[in-house]
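Trainee: I have a structure to read and would like to go through it feature by feature. Please show me how you would do it.

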Amino acid sequence: GLRLGPGQRVSYYLEAKDNDAPAGFKKGVSRTQTLKVYSAAEHRRQALEKAEALWERLVAHLAARMEGPDRQGQYAPEELLAGRPVDERGDLLAQDLLGASAELAKERDAPAELVAGLANVGGELRRAVRLTRDARTLIERMAARGSKAPDLGPRLATYAGREVESTERNV
């Protein structure tokens, strides 16, 4: 009979009184419980807010990769090290995108397009970042041994360039 609408809340508790007239009536009260009526619109709005926050991180990752030295082809040791945090943040972002997709997929009335989009972008970003990171790691190992492999610099530049291209499409 309350006629509650989506998103509305109702709080309730139980109260019991005893029949002990000679010693005095006593009562017991449960803790208050709150019931919130499911709202599909509210869940969609929250899902879009999560996706928007991830999108902003994706744009920031793209900017960091574009402004970094990775696409130039030849590197000083400090330039190689400067790209490592971008790799780490990109890998974490990919995990967060995939995690958000999996989390949303479990929810009732989750927008299927959003779930699929987050999964696709997360998967592409994870592959692209790993290729860039692996190329960087190989160059670092070769440099640590004192070896110079002239074809490895362009390889890092190629993978970083591909990562930028795929991230631009996904943005």
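Mentor: Let's begin with serine 101, which lies in helix α2. Helices here are DSSP runs of H or I with at least four residues, strands are runs of E with at least two, and both are numbered from the N terminus. This is a predicted model, so local features need pLDDT of at least 70 and side-chain atom pairs count only at pLDDT 80 or more, while totals for chains, interfaces and linings use all residues. Residues are numbered from 1 along each chain as its sequence is written, and side-chain values use heavy atoms, with hydrogens and water left out.

Trainee: Is serine 101 buried or exposed?

Mentor: We go by relative accessible area with a 1.4 Å probe and protein chains only: under 20% is buried, over 50% is exposed, and partly exposed is in between. Serine 101 has 6% relative accessibility, so it counts as buried.

Trainee: Which residues is serine 101 in contact with?

Mentor: Contact means heavy atoms within 4.5 Å. Setting aside neighbours within four places in sequence, serine 101 meets Val115, Leu118 and Ala119.

Trainee: What span is expected for α2?

Mentor: Take 1.5 Å times one less than the number of residues. For the 30 residues of α2 that gives 44 Å, and the helix reaches 45 Å from its first C-alpha to its last, close to the expected value. Helix α3 (residues 112-144) agrees too: its 33 residues should span 48 Å, and its end C-alpha atoms are 47 Å apart. After α3 comes glycine 146, with a positive phi near 85 degrees.

Trainee: Which residues of α2 are buried?

Mentor: Among them are Leu80, Gly83, Asp87, Asp91, Leu93, Leu97 and Leu104, along with Ser101. The buried residues of α2 pack against α1, α3 and α4 (152-170).

Trainee: Which residues touch the most other members in the largest nonpolar core?

Mentor: A nonpolar core is a set of buried Ala, Val, Leu, Ile, Met, Phe, Trp, Tyr and Cys residues joined through side-chain atoms within 4.5 Å. The largest one has 15 residues, and Leu54, Leu93, Leu97, Leu104, Leu114, Leu118 and Leu125 touch the most other members. Two or more residues of this core come from each of α1, α2 and α3. The most come from α3, which gives six. Another core, of seven residues, lies apart from it and includes Tyr75, Leu80, Ile139 and Leu156. Back in the largest core, leucine 54 is a good one to inspect: beyond neighbours within four places in sequence, leucine 54 is in contact with Leu93, Asp96, Leu97, Ala100 and Leu118.

Trainee: How many salt bridges does the whole structure have?

Mentor: Look for a side-chain nitrogen of Lys or Arg within 4 Å of a carboxyl oxygen of Asp or Glu. A search of the whole structure gives 16. In one of them, arginine 136 meets aspartate 70 at 2.7 Å, N to O. Arginine 136 lies in α3 and aspartate 70 in the loop between α1 and α2 (77-106), so the pair ties together parts 66 residues apart in sequence. Both ends are buried, with arginine 136 at 1% relative accessible area and aspartate 70 at 2%. These two also belong to a salt-bridge network with Arg65, Asp87 and Glu163.

Trainee: Which residue forms a salt bridge with aspartate 91?

Mentor: That is arginine 133, with the closest N and O atoms 3.7 Å apart. This pair links α3, home of arginine 133, to α2, home of aspartate 91, across 42 residues. Arginine 133 is partly exposed at 27%, whereas aspartate 91 is buried at 13%. Glutamate 42 and lysine 36 form another salt bridge, at 2.6 Å, N to O, and lysine 36 is partly exposed at 35%.

Trainee: To finish, where is glycine 28?

Mentor: Glycine 28 sits in strand β3 (residues 27-29) and is partly exposed, at 37% relative accessibility. Not counting residues up to four places away in sequence, glycine 28 touches Leu14, Glu15 and Ala16. Now find alanine 63: it is 35 residues from glycine 28 in sequence and 61 Å away in space, C-alpha to C-alpha.
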